[in-house]
Amino acid sequence: MGGIPFDCLANPLGAVRITFERAIASGSDPKTFNGKDWGAIEVFKECLFDQNGISQVPILDSSSIGRIKPNSLVRFRGMVQDMLGNELYVGAFKDGATWRTNKYTDVASFPMSSSSEESMWERRLLYCVPVPAQSPWVVEASSSAAAASTEAAISRSSNWASQQGEKRRRDDDASVDTMDCNISNHEVQGSPSSTKKMREDLLPCQASQSRELDIGETSSLQSSIPDFDTKSLSCLVKIYDSPETDLKLNDVFEFVGVFTFDPELAASTDEIDASDALFEDELVNMPPNKVPRLHCFIHKKLTIQDFLCGSPVTERVPHVIRGIRESLVGYLTAVLGNDGVAAQSVLLHLLSQVHSRVDTVAVGKLSLNLTGFTKETVSVFGNQLNLAIQSLLPLTQALPLTVEYLNTASLAPKKDYKSNRLITGSLQLADGTHLILDETQLNPGTLNSTGVENVKILKSLMELQTVEYDFEYYKLEMSSDVQLLVLSEGKSNILPADLVLPFQPSTVGSSLNADANALQAWRWYLATLRSLPHVIDPELQKVIENDLVEARQEDRSLGSTDFSRWLTMARLISASFGETSLSLEHWQMVKELERLRKDRLK
């Protein structure tokens, strides 16, 4: 679409309106749209990606929301915590002889009468929260990026508003300026009664104000939204033109869309009768002054790599990968008191992820149980390991495994049918999250029914990589991909890990600080190599088969679970060197690591 007469970044709703008007002018019938895109998304894709406009879009978070104007184009990163179903809204209506659209807004930009010709469309509602368990360096980088992007957006918006102001002063008939999304002569009066009247005319309760705020009104906007959570900003994301299979519970996305907030609408919701059938049940407990709305144009599913700040290595050059591996193993060895076997095992553990599922088996997982800890040693080495993992991985969390915690914690999400919301639990986590469980804190005590249930939930996560969500009348197994590390005195009886290794430190590291360049390289290494493909050549397959048969003859206690673990370790050792095909050298490393581990277990 050439010659676009608007700024998609400063005036996104203007882009929506003009592309809609163009589609109607070209002969399209809005009744046939059925909510589908009429060309607006292509305009935004061109602006954001072909012209690199995405870097200029401000990031919406708890620190920036008070400075971002309503109806602005924003980015929001979040995990889908709850899926609230679909919502009907008046997508298009006739204003006299002119068709208007309400797509990507909450409140009609022009008055609607009960006799207006209308077309009802549908959109999906997702309740998204900041990604749980973010490491401090990720939070810090995100906050800095949000602050920088907001400053740039305010400056750009100020320039755009100034240009529009000059144009309005030159134009004697500024009330119908097609270059401006300000439509103050047509805006709906925001009184509670008029807002409710719009709902009674089949416009749902969601809405964005149609007027724009001048840049000088930023401070007044901030004071008008005091109820937003300033520590952890959740967002109600409204999805258009996207198959349901594209967005799943617990997936992490970056959404690009219009941030809407109407103080008058927020105030009016307090006066809405709960029996008003046009007030969506899903939104009763999420008023606009507490949960901002984002009308999504484009969304992208994020991976662990998307949390990294820059990539120090662009290609998997073998000698570079080996150098990074060697330095990372050295760092982990120092963290673990000069225990090289534990360091190698932790490295494989940190590279593990679920690659596929065969029946109930999560292929690729490698949970680790380091034994030999006491309350005293865990306060040293356990704390050092926890801090090290926090510095290496973007998503990590530690849970205190005590009787009191197990008896009171809400680990699995639970459906609350009164509010029609999924109440989150500690184990509702994004894929790729790392979890440390300290079992040395588990003193003798009695587990109540909640404690027993929580142990079952943890065991299921450890063995099957699934979490049972409680829907009161039934339970639903949800797949997960969480790396689990257990620190315990003896082998854990309640959390059976794939790999059990007695921890044998010989020194306490005096200096464990790593420089910024090394940390950046290690983060890239762990995030990138974990997802490498893997093959085993037919010749090596025969060697492995013979080795497994020989091992079984020597130790009859070995079974399919042990062999599966060895193959997983083989894949991870190959990946740790940046290789996609298993070599005989790396298979021998697996056997040697297993021999050293067994020697410690004797």
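What share of the 602 residues in the chain is buried? In this predicted model, buried residues account for 53% of the chain. The secondary structure comprises 15 helices and 17 strands. The exposed surface comes to about 26,500 Å². Carbon and sulfur atoms supply 50% of that area. Contacts reach far along the sequence. Of those between residues at least 6 apart, 80% join residues at least 24 apart.

Aromatic rings were examined next. The structure contains 16 aromatic pairs. In one, tyrosine 104 and tyrosine 240 place their ring centres 4.6 Å apart. Their planes meet at 55°, so the pair is tilted, the edge-to-face class being reserved for angles over 60 degrees. This pair links distant parts of the chain, with the two positions 136 residues apart in sequence numbering. Tyrosine 104 lies in the loop between strand S2 (98-101) and strand S3 (118-129). Tyrosine 240 occupies the loop between strand S4 (235-239) and strand S5 (252-260). Both tyrosines are buried.

Tyr104 and Tyr240 also belong to one aromatic cluster. Its other members are Phe20, Phe33, Trp38, Phe44, Tyr89, Trp121 and Phe297.

Charged side chains also meet aromatic rings. The charged end of arginine 77 sits over the ring of phenylalanine 307, at 5.7 Å from the ring centre. Arginine 421 lies over the face of tyrosine 127. Here the distance to the ring centre is 4.2 Å.

Key. Residues numbered from 1 in each chain as written. Predicted model: local features only at pLDDT ≥ 70, side-chain atom pairs only at ≥ 80, totals over all residues. Heavy atoms only, no water. Helix = DSSP H or I, 4+ residues; strand = E, 2+ residues; numbered from the N terminus. Buried < 20%, exposed > 50% of the residue type's maximum accessible area, 1.4 Å probe, protein only. Contact = heavy atoms within 4.5 Å. Areas by Shrake-Rupley, 256 points an atom, 1.4 Å probe, with all protein chains shown as cover. Phe/Tyr/Trp six-rings, centres within 6.5 Å; stacked < 30°, edge-to-face > 60°. Lys NZ or Arg CZ within 6 Å of the ring centre and 35° of its normal.
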